[in-house]
Structures are given as structure tokens and as C-alpha cells.
Amino acid sequence: MALTPSTMLELGTPAPDFTLPEPATGNAISLDDFADARGLVVIFMCNHCPYVKHLADELARFGRDCQARGVAVVGINSNDPAQKEGDAPEHMAVEARSRGYTFPYLFDADQAVAKAYRAACTPDIYLFDADRKLIYRGQFDDSRPGNERPVTGADLRAAVNALVDGGPIPEPQIPSIGCNIKWKPGNEPDYFG
């Protein structure tokens, strides 16, 4: 496991477009499907990463809370299942059901969406406003596997609350950190330096 921080995409960046399959339903989900939402949280995640597993139950609760406030959430798995078989689409459907994810959990087979968002790690988290401009990118909260801090989603929840309530987005925004995205051989992005 390579510990990798978010690249911290520039604030104000428009949400890159996507249309991806949802293994749990067989449906294709696109950015346009969230056009009526007050905001959109995009989370690059996977099944196997201990950092994602650490927050998965709270992430499910967070998703339900956001949806109740008119903010959409979507999870995207861009990992190469040849490297992590547990991240294959058929396992994603099981994971979504067992965790109680009420948000779409999509598979980015060619990793083009991860590259468009400059995603680096799992979890890598982005919050876009109603105009689909980036207003927050950073950690879910300060809990990590083994640090004994509770998983609350405090940082991301504060940003969502500010969006919904019309307040200023909290600063500083602290990069998310987790396992590196498992890039297909020869498909590694050029934005790491």
C-alpha cells in the first residue's frame, strides 16, 4: 500500500463530465443525472483500501444525510481489478448493498474519469456547487486507521453544510490521504510530477 495524498484540484474547476456503469443496477449514470442537485460530492473509492473501509459506514450515513438535503453523492472506483480482484465490478455491487450505500457506486474501467479529476488516492473527495464548480477537495475528517479518532465526516460535512446554508466554505482544506489508485500498467497519469 502506497500512502498517497490528493492532488488538490484547483478550486473553481468545473466538474469533468462522465458516464459510467453502476454494477449494482446495470444502469449507466452520468454527470447530467445530478443536474437538479444543490451540490455534488464525487468520491473516488474502492472496496479493498483500509482507508475507505475505515470510513465506509459513516460514508453510507453521510450519503443518506446529503440526499435528504438535496446534495447528490456518487462513488467512483477507478482501480484496475487485475491488481485488486476485490475491486472488480461484481464485488462493487456486493459492497454497495452490504454497506448500505444509497448513492451510485460506479466503475471507471479505463480510468479516464480518475484522470479527468486528477484523482490520486482512495478516498479522494470533491464537492461541487449547483453550477458544478469545485468548492471543496480534501479529507472526510481527521480519522485514520489506527489513530483512534472517531469517524465523523466533520470536514466534508462542514463544507456541505456551508454550501446548503449559504455560508463560507471552511478553510484550510486538508488533503485526503489513502491508498494510491491502482493504475493499469502504462496508464499512470502524468500529474504526479
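Here is a short chat between a visitor and a guide about the structure above.

Visitor: Before we start, what kind of model is this?

Guide: Residues are numbered from 1 along each chain as its sequence is written, and side-chain values use heavy atoms, with hydrogens and water left out. Local features need pLDDT of at least 70, side-chain atom pairs count only at pLDDT 80 or more, and totals for chains, interfaces and linings use all residues, since this is a predicted model.

Visitor: Which residues touch the most other members of the largest nonpolar core?

Guide: A nonpolar core is a set of buried Ala, Val, Leu, Ile, Met, Phe, Trp, Tyr and Cys residues joined through side-chain atoms within 4.5 Å. Buried means under 20% relative accessible area, exposed over 50%, and partly exposed in between (1.4 Å probe, protein chains only). The largest core here has 32 residues, and the ones touching the most other members are V41, L59, F62, Y101 and V160.

Visitor: Which element gives the most to this core?

Guide: Helices (H or I, at least four residues) and strands (E, at least two) are DSSP runs, numbered from the N terminus. Several of them supply at least two residues of the core, among them β4 (39-44), β5 (71-77) and α4 (154-165). The one giving the most, with eight residues, is α1.

Visitor: How do α1 and α4 pack, parallel or antiparallel?

Guide: Their axes are 12 Å apart and meet at an angle of about 5°. Axes are lines fitted to C-alpha atoms, for helices over the stretch in contact, and angles run from 0 to 180 degrees between N-to-C directions. Angles under 35 degrees count as roughly parallel, over 145 as roughly antiparallel, 65 to 115 as roughly perpendicular and the rest as oblique. That makes α1 and α4 roughly parallel.

Visitor: Which residues of α4 make the contact with α1?

Guide: Contact means heavy atoms within 4.5 Å. On the α1 side you'll find E58, R61, F62, D65 and C66, and on the α4 side L156, R157 and V160.

Visitor: Where do the buried residues of α2 sit around its axis?

Guide: The buried residues are M92, A93, E95 and A96, and what covers them includes β5 and β6. The face turned away from them carries the exposed residues R97 and S98. The buried ones span an arc (taken from the directions from the helix axis to the C-beta atoms) of only 165°, so they lie on the same side of α2.

Visitor: E95 caught my eye; is it buried or exposed?

Guide: E95 lies in helix α2 (residues 89-99). Leaving aside neighbours within four places in sequence, E95 contacts N47, Y101 and Y105. Its relative accessible area is 13%, so E95 is buried.

Visitor: How far apart in space are P5 and I177?

Guide: P5 is in strand β1 (residues 3-5), and at 43% relative accessibility P5 counts as partly exposed. Not counting residues within four places in sequence, P5 contacts A120, C121, S176 and I177. P5 and I177 are 172 residues apart in sequence, yet C-alpha to C-alpha they are 4.2 Å apart.

Visitor: Q111 has a positive phi; is Q111 buried or exposed?

Guide: Q111 sits in the loop between β6 and α3 (112-116). Its phi is near 65°, a positive value in a residue other than glycine. Relative accessibility is 0%, so Q111 counts as buried.
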